[in-house]
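Colleague: Could you take me through one part of this model with care, beginning with the backbone and then moving on to the charged side chains? I am new to this, so please go slowly.

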Amino acid sequence: MSLKRKRSEEKIRRIGLGWSPPRIVEVREESPCREAVREGDLLLEVNGRRPRDVLDIMRWGDASAVRLRLQRGDRVLKAWVRKQEGLPLGLVFDEPVFDGVITCRNRCLFCFVDQMPPGLRPSLYVKDDDYRLSFWYGNFITLNNLGSAEVKRILSLRLSPLYVSVHSTDPELRSRLMGRGAERGLRVLRMLLDAGLEVHLQVVCCPGWNDGRALRRTFDDVLRIYRAASLGVVPVGLTRLAGEKAPGIRPHDASTASSVLELVEEFQGKALGMLGRRLFHASDEFYLLAGRDFPPAEDYEGFPQLENGVGLVRKFLEEAFAYVRRCDSSRPSAPLDSKLERKAAAEEKKGLGILTGEAGRHVLRKVLSEAGIEGVELVVSQNDLFGGTVTVTSLLGGGDVMRTLRDAAPSSRDLLIPGTLLREGRFLDDLSLEDISSRTGYRLHPIPVRGDSLLHALKGCGA
């Protein structure tokens with residue numbers, strides 16, 4: 001699950017509700033609407049038409065004179081906004097779509113949402129397949145469920161970048177994996193690429209299904225036919241309910257992960273020769289499973305699929321290493337006793353720890369070692385909420401954290417955690433920081449998922 005998709009979970013509230021007027025949550029300082037519009041107003045119409053989404057507002061609001069119909073409390077107001085043509089209205093809305101999210105009608109054998117345990121917040125069970133959320137948040141869509149009118153709209157608005165789950169370019173195999181509409185999705189993908197739109201692809205790789213020869217065919221077809229901006233391969237995610245909800249799908253191991261990496265590296269070489277760029281990338285989980293070092297930062301070519309877990313670790317390491325270099329350059333030139341210095345640093349940070357998931361353990365150990373930081377307790381939490389092969393820190397539930405604190409009883413009373421564990425201040429299972437603190441006595445401190453942010457919290461060297 002991508003980080004952008006997780007950030008957008010709380011924005012998806014109108015499933016099946018039809019159109020609802022969007023609420024204006026911010027009127028930007030440079031907005032030409034500042035005199036006429038207030039935060040909290042509901043936007044009913046733009047130039048006499050009801051907008052479906054932010055895209056309509058952007059398009060209709062380009063004119064030099066824009067007529068708005070608003071609701072403020074119980075009153076309905078009309079406002080004329082005069083501005084320079086092409087200047088945006090400068091309004092921020094609570095959601096990007098107003099007419100209901102386009103939901104997924106596929107029957108993917110490995111669907112992660114189908115494998116969700118019951119009792120979580122409703123937004124986590126939404127299967128969105130909405131091109132607008134792909135454009136807005138970077139969510140991956142299948143293109144299988146798009147009607148002709150929506151395809152024409154994408155092309156006319158030239159919406160890009162878009163993010164597409166291809167899984168396989170073999171129509172028959174894609175249909176077996178996804179259940180329906182596979183051929184249509186591939187035709188639409190070709191149309192978008194032929195129109196010159198920027199499209200990023202992903203393959204959720206399932207051992208025995210779309211790896212090996214099937215993955216080689218997909219890579220070949222992407223080089224020849226579906227020449228996208230990037231393609232990221234990610235391992236199938238299986239929860240503790242996979243046996244019931246995803247029968248016949250097995251997880252990757254060190255051997256299958258190594259095979260995927262070898263194929264990615266082979267086709268990176270081909271793409272470099274043909275296009276001058278690597279195009280193909282593997283997610284961080286493959287390198288962790290295979291016990292391989294991560295590629296250098298330049299191999300990720302600007303990190304086009306960072307939100308898909310492709311290059312997150314390398315970026316984190318680079319941020320940490322850059323921070324260490326800055327700290328080293330700011331130290332006094334007089335020689336210091338390294339043992340005394342390390343001891344003083346350890347004493348200063350005594351009682352401060354880091355809570356992480358299983359996948360984060362190896363990365364954090366490398367960062368702490370390279371930074372010369374000692375005395376920081378590393379607390380590793382296993383994911384019982386999802387179970388299965390889910391090891392990423394951002395999918396830990398509050399219950400997992402609480403259980404770990406009770407069972408492991410770490411000596412550190414203050415623990416740093418990645419901010420991605422929380423959505424609007426709450427864990428996936430709806431527990432809050434205050435819930436955990438009151439029940440365990442431990443204090444959790446969310447920080448951004450950046451290597452320099454972590455080291456700054458630990459070392460306190462000038463940012």
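Modeller: Before we begin, a residue is called buried when its relative accessible area is under 20%, exposed when that value is over 50%, and partly exposed in between. Please keep in mind as well that this is a predicted model.

Let us start with H167, which is found in the loop between β7 and α5 (171-178). H167 has a relative accessibility of 3%, and because the cut-off for buried is under 20%, H167 counts as buried. Its backbone deserves a second look, since H167 has a positive phi of about 65° although it is not a glycine. As a general rule, most residues other than glycine have a negative phi, and most peptide bonds are trans.

On the other side of β7 (162-165), in the loop that comes after α4 (148-157), we find P161. The peptide bond that joins S160 to P161 is cis, with an omega of about 5°.

A positive phi also appears at L279, where the value is near 65° in a residue other than glycine. L279 sits in the loop between α9 (254-275) and β10 (280-282), and with a relative accessible area of 0% L279 is buried.

From α4 we can now turn to the charged side chains. In general, side chains of opposite charge can pair when their charged atoms come close. The structure holds 30 salt bridges, and one of them is formed by the side chains of E150 and R52, with a distance of 3.1 Å from N to O. This pair links distant parts of the chain, as E150 belongs to helix α4 while R52 lies in the loop between β2 (42-46) and α2 (54-60), 98 residues apart. E150 is buried, with a relative accessible area of 17%, whereas R52, at 25%, counts as partly exposed.

Another salt bridge brings together the side chains of R443 and D414, at 2.8 Å from N to O. Here, too, distant parts of the chain are linked, with R443 in strand β14 (residues 443-447) and D414 in strand β13 (residues 414-418), 29 residues apart. R443 counts as partly exposed, at 40% relative accessibility.

A further salt bridge joins R450 and D452, whose closest N and O atoms are 2.9 Å apart. R450 is partly exposed, with a relative accessible area of 32%, whereas D452 counts as buried at 16%. Returning to E150 and R52, salt bridges that share partners join both of these residues into one network, whose members also include D53, D56, R59, D99, D130, R132 and R153.

Key. Residues are numbered from 1 along each chain as its sequence is written. This is a predicted model: local features need pLDDT of at least 70, side-chain atom pairs count only at pLDDT 80 or more; totals for chains, interfaces and linings use all residues. Side-chain values use heavy atoms; hydrogens and water are left out. Helices (H or I, at least four residues) and strands (E, at least two) are DSSP runs, numbered from the N terminus. Buried means under 20% relative accessible area, exposed over 50%, partly exposed in between (1.4 Å probe, protein chains only). A salt bridge is a side-chain nitrogen of Lys or Arg within 4 Å of a carboxyl oxygen of Asp or Glu.
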